[in-house]
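Open your viewer, switch on a cartoon view with side chains available, and follow along stop by stop. Each stop suggests a selection and tells you what to look for.

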Amino acid sequence: MALEHANDANFASLLGQGITLVDFWASWCGPCRMFGPIFESASEKITDVKFVKFEIDESNRRTPAKYGIRSIPSVLAFRNGELIEARTGLMDEDTLTVWINELKGV
């Protein structure tokens with residue numbers, strides 16, 4: 001499934017059925033820039049999960065505030081539009097994949 005990009009205006013519409021992972025990040029954040037390619041690679045390999053990137057900037061503050069994002073990178077996991085779990089900090093691809101499989105119940 002293709003990687004999608006969210007902002008305050010379209011965030012809710014991107015949370016659909018099944019599992020959606022949202023990576024909250026910023027271009028000035030070193031660990032975020034390191035995690036970006038890992039998140040993108042996972043999105044290309046795991047096609048039954050939706051992957052969304054949300055860049056925190058001046059025009060996109062409502063959604064991170066709503067979900068209490070205080071540290072980035074933060075990845076929030078949603079199932080059928082409902083928040084089920086969150087992880088903060090840099091993850092390698094193996095750790096991300098194990099977490100996704102746990103979320104899917106594999």
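## Stop one: a lysine and a tryptophan

Select Lys-53 and Trp-25 and show both side chains: the charged end of Lys-53 sits over the ring of Trp-25, 4.6 Å from the ring's centre. Keep in mind throughout that this is a predicted model.

Stay with Lys-53, which is part of strand S3. Is this lysine buried or exposed? Its relative accessibility is 7%, and because the cut-off for buried is under 20%, Lys-53 counts as buried. Now display the surroundings of Lys-53. Leaving aside residues up to four places away in sequence, Lys-53 touches Leu-3, Glu-4, His-5, Ala-6, Asp-23, Trp-25, Gly-36 and Phe-39.

## Stop two: the whole chain

Zoom out and colour by secondary structure. You should find four helices and five strands. Followed along the sequence, they run in the pattern β-α-β-α-β-α-β-β-α. The radius of gyration is 13 Å, close to the 13 Å that the globule rule gives for 106 residues, so the chain is as compact as a globular protein of that length. If you like to draw a bounding box, the C-alpha atoms fill one of roughly 40 × 30 × 20 Å along the principal axes.

Try colouring by burial next: 43% of the 106 residues count as buried. The accessible surface comes to about 5700 Å², and carbon and sulfur atoms hold 51% of that area. A contact map is worth a look too. Among contacts with a separation of 6 or more, 71% are between residues 24 or more positions apart.

## Stop three: the largest nonpolar core

Select Phe-11, Val-22, Phe-24, Phe-54 and Ile-72. In the largest nonpolar core, which has 17 residues, these five touch the most other members. Helix H1 (11–14) and strands S2 (19–25), S3 (50–55) and S4 (74–79) each give two or more residues to this core. Which element gives the largest share? That is S2, with three residues.

Centre on Phe-11 and expand the selection. Residues up to four places away in sequence aside, Phe-11 touches Ala-6, Val-22, Phe-24, Phe-54, Thr-63, Tyr-67 and Phe-78. Apart from this core lies another, of 16 residues, including Phe-39, Val-49, Ala-77 and Leu-96.

## Stop four: the aromatic rings

Show the aromatic side chains as sticks. How many aromatic pairs does a search of the whole structure find? The count is eight. Begin with Phe-24 and Phe-54: their ring centres are 5.0 Å apart and their planes meet at 35 degrees, so this pair is tilted. It links distant parts of the chain, with Phe-24 in strand S2 and Phe-54 in strand S3, 30 residues apart. Both Phe-24 and Phe-54 are buried.

Then move to Phe-35 and Phe-39, another tilted pair, at 5.7 Å centre to centre and 45 degrees between the planes. These two are separated by about one helical turn, because they are four residues apart in helix H2 (residues 30–45). Phe-35 is buried, with a relative accessible area of 0%, and Phe-39 is buried with a value of 0%. You have met Phe-39 before, as one of the residues that Lys-53 touches.

For the last selection, take Phe-11, Phe-24, Phe-54, Tyr-67 and Phe-78 together: ring pairs link them into a cluster. Turn on the rings and trace the links yourself.

Conventions:
Residues numbered from 1 in each chain as written. Predicted model: local features only at pLDDT ≥ 70, side-chain atom pairs only at ≥ 80, totals over all residues. Heavy atoms only, no water. Core = buried A, V, L, I, M, F, W, Y, C linked by side-chain atoms within 4.5 Å. Buried < 20%, exposed > 50% of the residue type's maximum accessible area, 1.4 Å probe, protein only. Contact = heavy atoms within 4.5 Å. Phe/Tyr/Trp six-rings, centres within 6.5 Å; stacked < 30°, edge-to-face > 60°. Lys NZ or Arg CZ within 6 Å of the ring centre and 35° of its normal. Rg over C-alpha atoms; globule rule 2.2 N^0.38 Å. Areas by Shrake-Rupley, 256 points an atom, 1.4 Å probe, with all protein chains shown as cover.
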